[in-house]
Amino acid sequence: MNLCNPISSISPAMVRIPWVTCCLLLNLTIATHAVEWTSLFDGVHLDGWIKRGGNATYQVQDGVIVGTTQQGGANTFLCTQRDYDDFILELEYLVDPAMNSGIQIRSLSKPDYHNGVVHGYQVEIDPSPRAWSGGIYDESRRGWLYPLKDHPKAQAAFQQNQWNHYRIEAVGDSIRTWVNGIPAADLRDSLNLSGFIALQVHGTNRKEPMQIKWRNIRIQDLGKHRWKPLFNGKNLSGWHALPGGKWEVVDGAIRGTSEASEPRHGLLVSNQTYDDFTVSASFKVTRGDSGFYFRSEKSGDGVGVHGFQVEVDTSYETGGLYETGGRAWVVEHPADKKTSWYRKGEWNQLTVSAHGQRVTVHVNGQQTASLPKDSGRLSGHLALQLHGGQDMWVEYRDIEILSKP
């Protein structure tokens with residue numbers, strides 16, 4: 001049947017919708033249902049799952065998975081045997097009001113990381129008065145990434161002593177959660193883009209056992225995002241230099257140098273412009289003040305470009321946001337404030353996520369800047385900077401953009 005044929009059966013309400021709009025809505029509905037749901041639990045067996053960690057137990061009782069605490073020991077996880085990349089996960093759970101639990105996603109267990117401890121993103125199950133159910137915690141790694149202390153509607157969504165419903169969407173570097181239909185976490189983080197899913201029973205010293213139950217666990221597999229190189233490691237193809245300083249490829253890295261006598265800001269600019277993107281790069285600053293520009297435009301003056309730059313230099317201002325030709329510092333870190341996450345004079349990892357008006361910056365996995373609704377440009381070039389009037393030596397490598405094949 002042709003769904004956009006006017007002869008087809010139409011409700012009176014639909015008659016008021018413009019016909020092109022109707023067709024678009026129908027096509028979107030078809031696209032939404034193109035990915036089928038797959039059950040991760042058949043209500044009978046734990047086939048496809050493996051236990052890791054502590055001494056808690058997992059059993060199937062009356063068609064649900066029951067996790068039971070045991071006194072002492074570490075956190076325990078019931079993990080899917082396969083990994084998932086982009087997906088939508090839905091499930092229901094009923095948790096003892098006195099215990100803590102969570103849903104691991106894109107998680108890992110590797111012998112070379114703390115003897116195989118489960119680590120990665122966890123969607124919190126928190127029946128305590130703190131009420132952070134639906135927040136995102138980085139298990140056995142960075143700690144809280146998205147607490148819910150400033151989200152009262154999300155905190156109120158969890159229902160004590162009742163079955164609660166979670167929806168978790170992980171697409172590219174975006175992770176979003178819903179608790180009983182109420183939006184909770186909305187995170188941009190690309191440290192892990194793939195890993196297993198796991199049901200957690202948190203370790204406890206309480207002698208009396210506590211339980212959590214899970215049911216209706218299903219997933220839509222949405223494929224995979226991949227990192228695509230923007231620098232080939234051999235030459236500057238795809239980039240062009242503006243006057244000021246010198247850019248060259250040395251040992252697989254882009255090296256930028258200039259002398260203090262050079263007044264101009266030397267820029268290496270991407271040939272292509274980008275609007276929404278997530279870009280990753282490694283950098284090392286030996287001398288001087290550099291920057292990683294995005295959504296920038298050529299200015300035709302000694303500055304070279306106007307736009308946003310992530311501060312990249314030998315000080316602890318690195319990771320801040322500065323708008324050249326505009327607002328100056330938008331997110332500033334004190335230059336003398338030492339941090340545990342920046343490695344001066346060594347290779348560091350930078351990630352910039354810019355989607356719509358939302359901008360998020362990470363350095364070595366640490367969020368250093370977050371603008372939920374920025375008023376700046378929404379498109380422009382990427383660029384690497386050599387600051388004028390300084391003795392400069394900076395290197396970049398592994399410049400990549402996140403894309404869906």
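Here are some numbered notes on this predicted model, from the overall picture down to single residues.

1. Overall make-up. This is mostly a strand story on paper: the chain has 30 strands and three helices. Its C-alpha atoms fill a box of roughly 75 × 70 × 40 Å along the principal axes. Of the 405 residues, 47% count as buried. The accessible surface comes to about 19,000 Å², and carbon and sulfur atoms account for 50% of that. If you take contacts between residues at least 6 apart in sequence, 64% of them join residues at least 24 apart.

2. The main core. The largest nonpolar core has 42 residues. L89, Y93, I103, L199, W214 and I217 are the ones with the most contacts inside it. At least two core residues come from each of β6 (87-95), β7 (101-108), β8 (119-125), β11 (164-171), β12 (174-179), β13 (182-188), β14 (196-201) and β15. The top contributor is β6, which gives five residues.

3. L199 as a way in. If you want one residue to click on in that core, try L199, which is on the list of those with the most contacts there. Setting aside residues up to four places away in sequence, L199 touches W49, Y58, I65, T76, F77, L78, G102, I103, W214 and I217. Separate from this core is another one of 38 residues, with I254, V279, Y342 and Y396 among them.

4. Strand β6 and its partners. Eight of the nine residues of β6 are buried, so this strand is largely enclosed by the rest of the structure. It pairs antiparallel with β11 over seven bridges, and L91 has Y166 as its bridge partner in β11. With β15 the pairing is again antiparallel, this time through eight bridges; there, F87 has D221 as its bridge partner.

5. Aromatic pairs, part one. The count of aromatic pairs comes to twelve. Take Y58 and W214: the ring centres are 6.3 Å apart and the planes sit at 25°, under the 30 degrees needed, so the pair is stacked. This pair ties together distant parts of the chain, with Y58 in strand β3 (residues 57-61) and W214 in strand β15 (residues 211-221), 156 residues apart. Both Y58 and W214 are buried.

6. Aromatic pairs, part two. F277 and F294 make a different kind of pair: their ring centres are 6.1 Å apart with planes at 75°, over the 60 degree cut-off, so they count as edge-to-face. F277 belongs to strand β21 (residues 277-287) and F294 to strand β22 (residues 289-298), 17 residues apart. Both are buried. Ring pairs also join them with Y274 and F308 in a cluster.

7. Arginines over tryptophans. Two spots are worth a look here. R215 lies over the face of W163, 3.9 Å from the ring centre. The charged end of R218 sits over the ring of W37, at 3.8 Å from its centre.

8. Q385. This residue is in strand β29 (residues 380-386). Buried or exposed? Its relative accessibility is 2%, so Q385 counts as buried. Leaving out neighbours within four places in sequence, Q385 is in contact with W247, H265, G266, L267, D289, S290, G291, Y293, Q309 and V394.

9. Positive phi away from glycine. Most residues other than glycine have a negative phi. H114, not a glycine, has a positive phi of about 50°. It is found in the loop between β7 and β8 and is exposed, at 57% relative accessibility. A131 also has a positive phi, of about 60°, without being a glycine. A131 lies in the loop between β8 and β9 (136-139), but here the relative accessible area is 17%, so A131 is buried.

10. G53, to finish. G53 is found in strand β2 (residues 49-53). With a relative accessible area of 65%, G53 is exposed. Its C-alpha atom is separated by 28 Å from that of Q159, and the two residues are 106 apart along the chain.

Technical notes:
Residues numbered from 1 in each chain as written. Predicted model: local features only at pLDDT ≥ 70, side-chain atom pairs only at ≥ 80, totals over all residues. Heavy atoms only, no water. Helix = DSSP H or I, 4+ residues; strand = E, 2+ residues; numbered from the N terminus. Buried < 20%, exposed > 50% of the residue type's maximum accessible area, 1.4 Å probe, protein only. Contact = heavy atoms within 4.5 Å. Phe/Tyr/Trp six-rings, centres within 6.5 Å; stacked < 30°, edge-to-face > 60°. Lys NZ or Arg CZ within 6 Å of the ring centre and 35° of its normal. Core = buried A, V, L, I, M, F, W, Y, C linked by side-chain atoms within 4.5 Å. Pairing = 2+ DSSP bridges. Areas by Shrake-Rupley, 256 points an atom, 1.4 Å probe, with all protein chains shown as cover.
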